[in-house]
Amino acid sequence: MQRFIVLCRKLVIEGVMTEPKSSKQQQVYYLAIAAVVVVILIAVWLLFGKEQVAEAPVNLMPPVEIVPQPTEELEPEPLLEPDLTEPKPDTVVNIAEPESVADVVKEPEVDTILPTLDGSDAEVKERLLALNWQPGLAALFVTEDMLRNFTVQVDNIAQGQLVKGFPVLQPLEEKFSVADNAKMQLDDTSFARYTPYVQLLDSVPPEQLLKLFNRYEPLLQQAYAELGYPDKLFKSRVVDAIDELLATPELEYPLELTRSSVMYEFADPAIEQLPAAQKQLLRLGPAHQKTVKKRLQQYKTLLLKPL
């Protein structure tokens, strides 16, 4: 570009220094020179007047082929959700182990195997005496032929009767007696003889005894069938016995007695005609009778409750 400019300037100077012979020729000469300059300038502008691009610096290093990397489209981030996935199999979970075997609390195994009726006394005794009876009173239980004796007593009480020879509890230590020249009647001294038995019945929640009843009900049903009731439910017979005792009338004490023979009888014929099971409940006294009836009602409610 600079070379062309210098050349144009040289031509103009030479033209100026050359003297034409006439003015007309001089004008033509100047016009020719101007035209040449314009043409040269236009040519220079056409060649170099476009957008100039800076020459790239000389790179002495060997060319490196650049491979274009595919562009990844950015996707919107998903909303955070709770991680419901299960841990991978190779995930190691450290669980603290107890220091000793004593630290491991094992649940008691449920014993579903029943003994035979003939061989049931050992287990029945163990489970019955394990309940939270009032201290010193569990010795009142008779621990021989327990299920059969209980079945016989229930069947007889349901009929309003008392039967000997099939004891469930130990007999009273003190016999009923009346002092000389004293009025024959049931009094507090007589009622006190039954206090340990009432306390025994009242010392354990009915739910605990009912649990034992439910366990041994198949054996009780077997013993009941031996009495001649193969097609009747023993549980229904227990409810009948409870109803018989609950039907004992509420009387005003003291109750007068008579003694025509060895046995004492109630002086009131209406009382003496009551079933033997109800008369026995009267002998407990009004306070003990109330406690026993309350417990019997609770047992009845539980027995009639669907499992």
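Is Arg 127 buried, partly exposed or exposed? In this predicted model, Arg 127 has a relative accessible area of 30%, which makes it partly exposed. Arg 127 is also one half of a salt bridge, and the structure holds 11 of these. Here is a friendly tour of some of them, with a look at how accessible the partners are.

**A pair within one helix**
- Glu 123 and Arg 127 form a salt bridge, with 3.2 Å between the closest N and O atoms.
- Both residues sit in helix H3 (residues 121-129), four residues apart, so about one helical turn separates them.
- Glu 123 counts as buried because its relative accessibility is 16%, under the 20% cut-off.

**A pair linking a helix and a loop**
- Lys 293 and Glu 250 meet through their side chains in a salt bridge, at 2.6 Å from N to O.
- Lys 293 belongs to helix H11 (residues 286-304), while Glu 250 lies in the loop between helix H8 (234-246) and strand S1 (257-258), so the pair ties together parts that are 43 residues apart in sequence.
- Lys 293 is buried, at 11% relative accessible area, whereas Glu 250 is exposed, at 61%.

**Glu 272 and Lys 279**
- A salt bridge joins Glu 272 to Lys 279, whose closest N and O atoms are 3.0 Å apart.
- Glu 272 is partly exposed, with a relative accessible area of 24%, and Lys 279 is buried, with 11%.

**A shared network**
- Asp 118, Asp 145, Arg 148 and Glu 226 are joined into one network by salt bridges that share partners.

Technical notes:
Residues are numbered from 1 along each chain as its sequence is written. This is a predicted model: local features need pLDDT of at least 70, side-chain atom pairs count only at pLDDT 80 or more; totals for chains, interfaces and linings use all residues. Side-chain values use heavy atoms; hydrogens and water are left out. A salt bridge is a side-chain nitrogen of Lys or Arg within 4 Å of a carboxyl oxygen of Asp or Glu. Helices (H or I, at least four residues) and strands (E, at least two) are DSSP runs, numbered from the N terminus. Buried means under 20% relative accessible area, exposed over 50%, partly exposed in between (1.4 Å probe, protein chains only).
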